[in-house]
Every structure is written in structure tokens, then in C-alpha cells.
Amino acid sequence: MINRRLDVAQILRDEVALLKVVADQRSVEMDLKIDKKVPLITADSEKIRQVMLNMIDNAIYYSNPHKKVIISLKNSNGAIEFTVKDSGIGVPKSEQANLFGKFFRGTNARKKRPDGTGVGLFLARKVILSHDGEMIFESEEGKGSTFGFKLPVR
Ligand SMILES: Nc1ncnc2c1ncn2[C@@H]1O[C@H](COP(=O)(O)OP(=O)(O)O)[C@@H](O)[C@H]1O
Ligand SMILES: [Mg+2]
């Protein structure tokens, strides 16, 4: 694992620019909010990029057309906090405990996107925990979800 000083804000801007094509195809609007001063962190850039990509990609696919996906990066005393909020299908309550398991796919997600793999969140959690961070998750079926992480600044 290569640890470098990362400008997560810049990585995020690049990733959102790349995902704009996908969002446009699905008529989903991305709203990006980045705090003015987001500190650099020591982390593996490719892994952190992948985690953010997966979470935004999920929000786009499991959202509904013409709904906004709100992506934010905040400076949260001693940590940086990344979140992606959508107004999509959500995760059924009875399935939430299995969410970060390998190959887990929600029953509603399978209908919406038959070709998923169910490894994105499993890997995301591993990456965030290996960086001493924590996962953020909140969802209500049929209303939407918020996925994200906190990573310590150091
Ligand atoms: N934004 C979201 N809205 C609703 N469900 C989600 C969202 N993100 C992830 N999920 C749920 O978590 C499961 C696992 O996600 P992931 O690991 O990215 O695999 P995949 O997207 O290939 O199914 C999805 O199948 C879905 O049930
Ligand atoms: Mg996915």
C-alpha cells in the first residue's frame, strides 16, 4: 500500500467530472459541496478514489431520474468527512445488517440494476477501516440513502 499526502478534494473533483457522463445518461444531477479548507491526509490515493467512485456510482444507479445526488466533503475537527446522499430506492431495514458483507446485493437493487457485483461496499469498508476511519450509513427504503466515511487527518 502506497501512502502519500492526498488532496482528497482534488481527487473528488476529478472523479465527479468523470462520472458526469453516467449521471447525465441517467438524468441524475450531482451537486458537489466541498469545504474551503479540507486538510491533506495520509492515505492510499487509488483506494480512496475507488471508495468515493463506488459510493457515487451507487447513488447514481440506485437513485431515481431527475433527483439530486448531493456529494459533500467536510472538514470535521481532526477528520475529513465524505458523504453521498441520494433520494433513491434505499436499503430495506431487514437487509441493512448484511450491507457490508461480500457479494451482498439488496433485493430492490437487483431489480434496479441486474448486473451488479456486490463487492464495492465490502471493499470500501475494508479500505476505510484499514485507514483507521469509520463508515457512514443511513437509509430508509423508498426514500434514499447516505453513504460515506470519516478519515483521520494526519
Ligand atoms: N445508494 C444506494 N442506495 C440503495 N442501495 C444501495 C446504495 N448503495 C449500495 N446499496 C446497496 O448495497 C448493495 C451493495 O453495493 P455494492 O457493493 O456497491 O454492490 P452493487 O452496486 O454491485 O450491488 C447494493 O446491491 C444495494 O443493495
Ligand atoms: Mg456498486
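Which helix supplies the largest share of the lining of the largest pocket? In this predicted model, that share comes from helix 2, with five residues. Helix 2 spans residues 45–61. At least two lining residues each are also supplied by helix 3 (107–112), helix 4 and strand 7.

The largest pocket holds about 510 Å³ of space. Its lining consists of 29 residues, and those closest to the centre of the pocket are N58, Y62, F104, A109 and L121. Sorted by class, the lining comprises 14 nonpolar residues, eleven polar residues and four charged residues.

The largest pocket is also the site in which ligand 1 sits. A shell of 20 residues surrounds ligand 1, and the nearest of these are Y62, R105, G106, T117 and L121. Within this shell, ten residues are nonpolar, eight are polar and two are charged. Three elements each contribute at least two residues to the shell, namely helix 2, helix 4 (120–130) and strand 7 (144–152). Y62 and L121 are thus named both among the residues closest to the pocket centre and among those nearest to ligand 1.

Polar contacts between ligand 1 and the protein involve side-chain as well as backbone atoms. In the side chain of R105, an N or O atom lies 2.6 Å from an oxygen atom of ligand 1. The side chain of Y62 likewise places an N or O atom 2.8 Å from an oxygen atom of the ligand. At G106, the partner is a polar backbone atom, which is 2.8 Å from an oxygen atom of ligand 1. Taken on its own, ligand 1 has 530 Å² of accessible area, of which the protein covers 97%.

Terms used. Residues are numbered from 1 along each chain as its sequence is written. Chains are lettered from A and ligands numbered from 1 in the order in which they are written. This is a predicted model: local features need pLDDT of at least 70, side-chain atom pairs count only at pLDDT 80 or more; totals for chains, interfaces and linings use all residues. Side-chain values use heavy atoms; hydrogens and water are left out. A residue is near a molecule or strand if one of its heavy atoms lies within 4 Å of it. A polar contact is a pair of N or O atoms within 3.5 Å; within protein, one must be able to donate a hydrogen and the other to accept it, and residues adjacent in sequence count only if both atoms are side-chain atoms. Accessible areas come from the Shrake-Rupley method with a 1.4 Å probe; for residues, only the protein chains shown count as cover. On a 1 Å grid over the protein atoms alone, a cavity is a set of points where a 1.4 Å probe fits but cannot get out, and a pocket is an open set with protein on both sides within 12 Å along at least five of seven lines; lining residues have an atom within 4 Å of a point. A molecule sits in a cavity or pocket if more than half of its atoms lie within 2 Å of its grid points. Helices (H or I, at least four residues) and strands (E, at least two) are DSSP runs, numbered from the N terminus. Ala, Val, Leu, Ile, Met, Phe, Trp, Tyr, Cys and Pro count as nonpolar, Asp, Glu, Lys and Arg as charged, and the others, Gly among them, as polar. Grid points are joined across faces, edges and corners, and a volume is the space filled by probe spheres set on the points.
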